[in-house]
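Hi,

Here is the structure I promised to pass on. Have a look at it first, and then read my notes below.

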Amino acid sequence: MRTLSTRRLLAAVAAVCAITLAATACGSSDPAEDGGGAKDVESALAKGGKITVWAWEPTLKKVVADFEKKYPKVDVELVNAGTGDKQYTALQNAIAAGSGAPDVAQVEYYALGQFAIGKSVEDLAGYGAAGHDKKFTTGPWNAVKYDKAVYALPMDSGPMALFYNKKVFDKHHIEVPTTWDEYVEAARTLHKADPKTFITNDTGDAGATTSLIWQAGGRPYKAEGTDVTVDFEDAGTKAYTSTWQKLLDEDLVAPISSWSDEWYKGLADGSIATLSIGAWMPANFTSGVASASGDWRVAPLPQWTKGRTDSAENGGSSLAVPKAAKNKELAYAFAEYATTGAGATARVSEGAFPATRADLESKTFLETAFPYFGGQQANKVFADSARNVGSDWSYLPYQVYANSVFNDTVGKSYVSSTPLSQGLEAWERSSIKYGTDQGFNVNK
Amino acid sequence: MTTNLAGVDANAADPAPAGPTRTSRGSGRPALRPRRRPHTPLNPRPSIPLTLVTGLVLLYTLLPLAWLVINSTKDQKGLLGSSGLWFGEDFNLWDNISRTLAYDDGVFVRWLLNTLMYVAAGAGGATILAVLGGYALAKYQFPGRRAVFAVVIGAVAVPGTALAVPTFLMFSSMGLTNTPWAVIIPSLISPFGLYLMWVFAAEAVPAELLEAARVDGSGELRTFFRIALPLLMPGTVTVLLFSMVATWNNYFLPLIMIKDPDWYPLTLGLSAWNAQAQTAGGEAVFDLIITGSLLTIVPIVVIFLLLQRYWQSGLAAGSVKE
């Protein structure tokens, strides 16, 4: 079976090589920016072949089925090669080993920089990706674009919102907080009324922390090529630490790690009352916390300054084509199909949150009633949030590493009396050290 | 989840090694005998504290299993919304099983077949090697026998986990990682099984019997297959059970060797499903993981029930022979 598929793959690659004399995919030489081109993608689709896609996103199953129906000569193998970090490790290994890399890989925005700077993903600008700049919302598009290169196509986005358990709020007569100060106050009231209930959970989550700093206007990371700046002392970061420190000092957040079994249980039984998280969360709620259907609602994120409408992105992922991919034209064609047009719309109808303007602004999308949220048209809240995402945010080119040491540094603030600001300083130091060791020019 | 189950299996497997070796040596028999007969002057009536302690241990052993069976009848909603130790409102076991087998294009079935292959090739091969090696070491005199003994005893003491990374590097340089060979070949080596067979063969196959066979003109191979092998059966089954359980539950070796989900064994597959709940957009399928775990332990329980009479009859045979 293995040899057969390899042989078919090789045959397909050979065929594509034969007809795409532009030599973008077949040579090991660096494909120039003008390489590829929409025409080659078209002929690759007509010719057919087999591609492997590494992704864990559940709505892609439908996209693969639709795509294979539309292009019967193309065979797409969708492989769940692990989730998040595990997949990146597998991908990194396959790229380093020189064999076994997929043709398309799901990569979260925060991790894309690592693959882009390592020159292990293909610049898709020449394949036609550059022409899609107006199709995607600003946040996700900025996350995949570096100068003129486009290292992936945005698959979904995560403008943040406040998910709250209305049943719990009603029971204790608490108003939905509109500022973070009100949020802290609500946390106090709630925990006093029922010591088993917490406003939210937090044991130190790099993604959540950086997103809230982003919303507060902090821009701790700057990356221009190999020049990197890490600075956790700006005003935005300080606004975040001073507020979050109150929650930690008064034990107002549940010591439960996000995504654990206990977390799902806390969301189900109401002992975790709110989440400030990305707009992709409804899918996780419906599949993971089915028993709390009807209890939860969505509200705009609380503000750092009263009266503003600032927001940030949290999570979200893209489809990238590794340089080691065997059939890049076909891979691009699939990524394009899955992230734009019919593929994107199909994914939205399956519960994914779009990164495309057309889907985000469509009436059907905005007016979709969520039975899970008591019939609320939650997408209106998310779409507003997407419009208000603060600009100029960037992650480190080695954010995967930085996030992996978050719990060794900032995590201390959650289990000891180390102030959050000191934890962030320690994180900054280890990020700077690692970056310098890796050959980046890191400034503080 | 899987570790709990592994614990149960390991507990169930524990009496096996002690059985054939100890009883065949004749030790411990006086202590065992009277306990079977109640109300003798030596043991007038059951001790209540001991019974209580035993009961607690039994509960501790069976509770995870009961939890697993009960919770595999619930869907995701029931899992998070109802008490863990009693049934929910709906009975979804059959539905859960069919969804587990169908989820992700039936990848669970593929993992099950992979596991069966690893067990058949790895544990089967390990048993054959252990029987051949153990018999040879017990019944033949050759130079270097003591050295082999030292190596085998030393190897028993080295945990497989400690060898995993060196093995990975070795297999990686041979280009065998990410293939089933990377799991099968290391599974073939079972120092403990070899030692067990060695000790067992030394006791179970009388030298006089082999002498008689040789005098009657039977060749060494024929002697082994016709005379020694039937006598070695109880020990062989014990070693087979051990290696099967070890291979079935193996997690760490495939974890570092196999990156292609097509070659995952069940342990890795279930852990991958569990990891799915840990990210944005990933699907939380706790109901399928729990049902999958139940399905994972069923074959190993069946194998135990089917094979137990072989090593039990072995125990009995040993106890009356001497």
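**What I found**

Let's start with a pairing in chain A: Ala161(A) sits opposite Ile277(A), which belongs to strand E12(A). Before going further, please keep in mind that this is a predicted model.

That Ala/Ile pair is part of a longer match-up. Strand E7 of chain A, residues 160-165, is joined to E12(A) by five bridges, and the two run antiparallel. Zooming out, E7 is the middle member of an open, three-stranded sheet in chain A, with the order E12-E7-E13 and antiparallel pairing. Strands E12 (274-278) and E13 (296-299) of chain A are the edges, each pairing on one side only. Going from one strand to the next, the twist averages 30°.

There's also a hairpin in chain A, made by E9(A) and E10(A) with two residues between them. Four bridges hold the antiparallel pair together, with E9 covering residues 221-224 and E10 covering residues 227-230 of chain A. If you want a spot to click on, Lys222(A) faces Thr229(A) in E10(A). In the turn, look at Gly225(A): its phi is positive, at about 60°.

Next, helix H5 of chain A (residues 109-117). How many of its nine residues are buried? Seven, so to speak the bulk of the helix, which is mostly covered. The buried ones are Tyr109(A), Tyr110(A), Ala111(A), Leu112(A), Gly113(A), Phe115(A) and Ala116(A). After H5(A) comes Lys119(A), another residue with a positive phi, this one near 55°.

Now over to chain B, where the secondary structure is 15 helices and zero strands. The chain has 322 residues, and 42% of them count as buried. Taking contacts in chain B between residues at least 6 apart in sequence, 75% link residues that are at least 24 apart. About 17200 Å² of chain B is exposed, with carbon and sulfur atoms supplying 68% of that area.

One surface feature of chain B deserves a look on your screen. Leu56(B), Leu59(B), Leu63(B) and Leu85(B) make up a nonpolar patch, and together they have about 390 Å² of accessible area. Leu59(B) is in helix H4 of chain B, which spans residues 48-71. Is Leu59(B) buried or exposed? Its relative accessible area is 52%, so Leu59(B) counts as exposed, the cut-off being over 50%.

Cheers

Note on methods
Residues are numbered from 1 along each chain as its sequence is written. Chains are lettered from A and ligands numbered from 1 in the order in which they are written. This is a predicted model: local features need pLDDT of at least 70, side-chain atom pairs count only at pLDDT 80 or more; totals for chains, interfaces and linings use all residues. Side-chain values use heavy atoms; hydrogens and water are left out. Buried means under 20% relative accessible area, exposed over 50%, partly exposed in between (1.4 Å probe, protein chains only). Contact means heavy atoms within 4.5 Å. Accessible areas come from the Shrake-Rupley method with a 1.4 Å probe; for residues, only the protein chains shown count as cover. Two strands pair if DSSP finds at least two bridges between them. Axes are lines fitted to C-alpha atoms, for helices over the stretch in contact, and angles run from 0 to 180 degrees between N-to-C directions. Patches are made of residues with over 30% relative accessible area and no salt bridge: like charges are joined within 9 Å, nonpolar side chains (Val, Leu, Ile, Met, Phe, Trp, Tyr) within 5 Å. A salt bridge is a side-chain nitrogen of Lys or Arg within 4 Å of a carboxyl oxygen of Asp or Glu.
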